[in-house]
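User: Hi! I am new to protein structures and would like to learn how to read one, feature by feature. Could you walk me through this one?

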Amino acid sequence: MAMTNPPGLMISAPASGTGKTTVMLGLLRALAEDGLTVQPFKSGPDYIDPAFHLAAAGRASFNLDSWAMGERLLGAVAAQAAGADIVVAEGSMGLFDGVAKPGETGHGSSAETALRMGWPVVLVLDVGGQAQSAAATALGFRMYNPDLPFAGVILNRCASPRHERLTRLGMERAGLPVLGVLPRRGDLTLPERHLGLIQAVEHPDLEAAIAGYAAFLREHVDLGAIRAAASSSPVGLSSAPLPPPPAQRIALARDAAFSFTYPHLLEGWRAGGAEILPFSPLADEAPAPDADLVWLPGGYPELHAGRLAAAETFLSGLRKHAQTRPVHGECGGYMALGEALVDKDGSRHRMAGLLGLVTSYEKRKFNLGYRRAELLAPLPGYGTGATLRGHEFHYSSILEQPDAPLARVFDAEGVEGPQTGSRRGNVTGTFFHLIAEAGS
């Protein structure tokens, strides 16, 4: 008998900054504490939130992305929920926010993910500075797409019992279930930096923070009503494979400077029989000498540029590997493969020198958005002419990019940009983080 998708919910909001992540992490942990096997997901491109989800739920979280992923890959990623009792997905930005032009299966909005999976939406509303008027916002979200299943609202940052009574009055008039009311508390925000949240590995006491969120949610949210609201589309779980590995033995940089790899790729590599060999450039570790491929993910090399420049064991091991076998870097990893990185204070740090790229954080330049890349040369796992879909998110500027371009790169609107990536010998690098090959 085919297994069906477990019931789920989409935790979303009208906009970023409403407390959605706090609710998500508290809910994941509270449900897990109640003995449920909880499967987290993240809608849209994000390399930071899934690590927090894993810490809260004890189960790997995966991205579902309607712009970058085709039907088969969406089904394969959704199938990672097999064996779970309940799914809890976190939306990105506002519920209906996406790009203007459709990609593989949609515009990249959380609403599209919820609709496809049949997950009712829990809308987290920041009700600060309003009362009954919050219901008009919630009702607009409820009615914008009447086909979208809607579980109810969680009212966040409620100032007083009177504030709660008035806000509930508006929700009752609008016919919207109130699943919880969270009083205003300044200590519930996660630390942030320029890309949003700090990484889970950097949080000074992540376990205590998540346990605190769970206790807070348990006190102020109707967990029984939330569990009862969970639902899903009556479709069987896909047996399609995740993306295959680009090599058999993959040395993967993994530490506070290099951590942004999409979980579905790593899971696909493992499922395809690859051996992943983690190493830490910050700890001055060289990649495994018998690795077939070295992969440097994105992260925050600019925060550790001095340590990386002084990591001679790492750099010499990387250079030796590149003489005979492929090395690939994404975003921060690409910068580390370059000639130099200029930090925000204007100090220039020598990097691996395997590519001629020179990047600078001295003058912040925001680079954000989906990317479609047409390969002009092979990249590990993909041949010349392949079309890849990914996402770019960084604040660096290109000072020099002298090597042969790796790809023609376009944004979600189809506009070609200068972040072509580079290739030299066995070394390749891109500013975008790979999500999927087009058509997969």
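Analyst: Happy to! Keep in mind that this is a predicted model. Let's begin with a pair of facing residues: Ala251 stands opposite Leu277 in strand 11. Strand 10, residues 249-253, and strand 11 run parallel and are joined by five bridges.

User: What order do the strands of this open sheet follow?

Analyst: In general, strands of a sheet pair through backbone hydrogen bonds, either parallel or antiparallel. Here seven strands form an open sheet with mixed pairing, in the order 11-10-12-13-23-22-20. Strand 11 (275-279) and strand 20 (404-405) are at the edges with a single partner strand each, so one side of each has no neighbour in the sheet.

User: Which helix packs on the sheet and touches strand 10, strand 11 and strand 12?

Analyst: That is helix 9, residues 263-271, and its direction makes about 130° with that of strand 11. Another helix to look for is helix 11 (residues 312-322), which lies across strand 11, strand 12, strand 13 and strand 23. Helix 11 runs at about 130° to strand 12.

User: How do strand 13 and strand 23 run, parallel or antiparallel?

Analyst: They run parallel, joined by four bridges. One partnership to find on screen is His328 with Thr428 of strand 23. Strand 23 also pairs with strand 22 (residues 422-424), this time in the antiparallel sense over three bridges. There, Ser422 has Gly429 of strand 23 as its bridge partner.

User: How many residues lie between strand 22 and strand 23 in their hairpin?

Analyst: Two residues, and Gly425 in the turn has a positive phi of about 60°. Now look at the two faces of strand 23: Val427 and Gly429 point one way, Thr428 and Thr430 point the other way, and all are buried.

User: Which residues other than glycine have a positive phi?

Analyst: Arg157 is one of them, with a phi of about 60°. You will find Arg157 in strand 6, residues 150-158. Cys331 is another, with phi near 50°, and sits in the loop between strand 13 and helix 12 (332-337).

User: Why does Cys331 count as buried, and why does Arg157 count as partly exposed?

Analyst: Check each value against the cut-offs: under 20% is buried, and over 50% is exposed. Cys331 counts as buried because its relative accessibility is 4%. Arg157 is at 23%, so it counts as partly exposed.

User: How many residues of helix 3 are buried?

Analyst: Six of the eight residues in helix 3 (residues 71-78) are buried, so to speak mostly covered. They are Leu73, Leu74, Gly75, Ala76, Val77 and Ala78. Their cover includes strand 2 (38-43), strand 3 (62-64), helix 4 (110-117), helix 9 and strand 24 (433-437).

User: Let's turn to empty space. What volume does the second largest pocket have?

Analyst: The idea is that rolling a probe the size of a water molecule over the atoms shows where empty space is left. In this model, the second largest pocket has a volume of about 590 Å³. Its lining has 25 residues, with Ala51, Leu54, Ser259, Thr261 and Leu266 nearest the centre. Helix 2 (49-57), strand 10 and helix 9 are the elements that each give two or more residues to that lining.

User: How many residues of that lining are nonpolar, polar and charged?

Analyst: The lining of the second largest pocket divides into 17 nonpolar, four polar and four charged residues.

Notes:
Residues are numbered from 1 along each chain as its sequence is written. This is a predicted model: local features need pLDDT of at least 70, side-chain atom pairs count only at pLDDT 80 or more; totals for chains, interfaces and linings use all residues. Side-chain values use heavy atoms; hydrogens and water are left out. Two strands pair if DSSP finds at least two bridges between them. Contact means heavy atoms within 4.5 Å. Axes are lines fitted to C-alpha atoms, for helices over the stretch in contact, and angles run from 0 to 180 degrees between N-to-C directions. Buried means under 20% relative accessible area, exposed over 50%, partly exposed in between (1.4 Å probe, protein chains only). On a 1 Å grid over the protein atoms alone, a cavity is a set of points where a 1.4 Å probe fits but cannot get out, and a pocket is an open set with protein on both sides within 12 Å along at least five of seven lines; lining residues have an atom within 4 Å of a point. Grid points are joined across faces, edges and corners, and a volume is the space filled by probe spheres set on the points. Ala, Val, Leu, Ile, Met, Phe, Trp, Tyr, Cys and Pro count as nonpolar, Asp, Glu, Lys and Arg as charged, and the others, Gly among them, as polar.
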